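The following exercises ask you to work through a structure by locating residues, judging their exposure and testing pairs of atoms against stated cut-offs. Each task is followed by a worked solution.

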Amino acid sequence: MGVLPVYRWRLAPVGYATRRQLRARGLRPGGQEVAAQLERPRRRRGPLVAYLYRVDLAKPVRPMTPARWAALAKANTARRICPQCRTDAGYVIPTSLGTCVPCAFPSTSLRSA
């Protein structure tokens, strides 16, 4: 991989797209290398960088199979189970807490009783 062409934000030529733009068109990079990059300057920090891929080399997104849907459902269910009390919280447990809200913040009235 040689030196990548760098374009300013919103000035990329036609035929290049980011991963999100490809996905919105129903495409994926399909193993191709990054073709170029966008840079958006910022004050006091380094520029924001977005990688671009060639649209003509992109491949269609693979369809979801029943096995993939099942695996996704299983993973999302696991994210709802509290590791401390082992119950389904009814929501995805925040990684910042690591447990459901009742386990993370037990009621003070229950402690004093």
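R80 is partly exposed, with a relative accessible area of 30%, where partly exposed is the class between buried (under 20% relative accessible area) and exposed (over 50%), computed with a 1.4 Å probe and protein chains only. The model is a predicted one, in which local features need pLDDT of at least 70 and side-chain atom pairs count only at pLDDT 80 or more, while totals for chains, interfaces and linings use all residues. Residues are numbered from 1 along each chain as its sequence is written, and side-chain values use heavy atoms, with hydrogens and water left out.

**Exercise 1. Salt bridges**

Task: State how many salt bridges the structure holds, and describe the exposure of the residues that form them.

Solution: Begin with the criterion, which is a side-chain nitrogen of Lys or Arg within 4 Å of a carboxyl oxygen of Asp or Glu. By this criterion the structure holds two salt bridges.
- The side chain of R80 pairs with that of D88, with an N to O distance of 3.1 Å; D88 is partly exposed at 45% relative accessibility, and R80 is likewise classed as partly exposed.
- R54 and D56 form a salt bridge through their side chains at 2.7 Å, N to O; here D56 is exposed, at 56%, whereas R54 is partly exposed, at 34%.

**Exercise 2. Cysteines and disulfides**

Task: Explain why C82 and C85 are not joined by a disulfide, and carry out the corresponding check for C100.

Solution: In general, a disulfide is a covalent bond between the sulfur atoms of two cysteines. For the count, the two sulfur atoms must lie within 2.5 Å of each other.
- For C82, the closest cysteine sulfur belongs to C85 and is 3.6 Å away, which is too far for a bond; C82 itself is buried, with a relative accessibility of 0%.
- For C100, the closest cysteine sulfur is that of C103, at 3.5 Å, again too far for a bond; C100 is also buried, at 5%.

The structure accordingly holds zero disulfides.

**Exercise 3. Surface patches**

Task: Identify which residues form the positive surface patch and which form the nonpolar one.

Solution: Patches are made of residues with over 30% relative accessible area and no salt bridge, joining like charges within 9 Å and nonpolar side chains (Val, Leu, Ile, Met, Phe, Trp, Tyr) within 5 Å. Lys and Arg count as positive and Asp and Glu as negative, with His and the chain ends not counted, and each charge is placed at NZ of Lys, CZ of Arg, CG of Asp or CD of Glu.
- The positive patch consists of R10, R40, R42 and R45. Of these, R42 sits in the loop between β4 (36–40) and β5 (48–54), and R42 is partly exposed at 33%. Helices (H or I, at least four residues) and strands (E, at least two) are taken as DSSP runs, numbered from the N terminus.
- The nonpolar patch is made by Y91, L97, V101 and F105, which together have about 350 Å² of accessible area; such areas come from the Shrake-Rupley method with a 1.4 Å probe, and for residues only the protein chains shown count as cover. Y91 lies in the loop between α2 and α3 (101–104) and is partly exposed, at 30%.

**Exercise 4. Positive phi angles**

Task: Determine where R10 and R44 lie, and describe the backbone angle phi of R10 and of R44.

Solution: As background, most residues other than glycine have a negative phi.
- R10, although not a glycine, has a positive phi of about 70 degrees; R10 belongs to the loop between β1 (6–8) and β2 (16–17) and is exposed, with a relative accessible area of 75%.
- R44 also has a positive phi without being a glycine, with a value near 65 degrees; R44 falls in the loop between β4 and β5 and is exposed, at 84%.

**Exercise 5. Separation along the chain and in space**

Task: Compare sequence separation with C-alpha distance for the pair E33 and G90 and for the pair M64 and S96.

Solution: Take each pair in turn.
- E33 and G90 are 57 residues apart along the chain, and their C-alpha atoms are separated by 41 Å. E33 occupies the loop between β3 (27–28) and β4 and is exposed, at 54%.
- M64 and S96 are 32 residues apart along the chain, with 30 Å between their C-alpha atoms. M64 is located in the loop between β6 (59–60) and α2 (66–78) and is partly exposed, at 37%.
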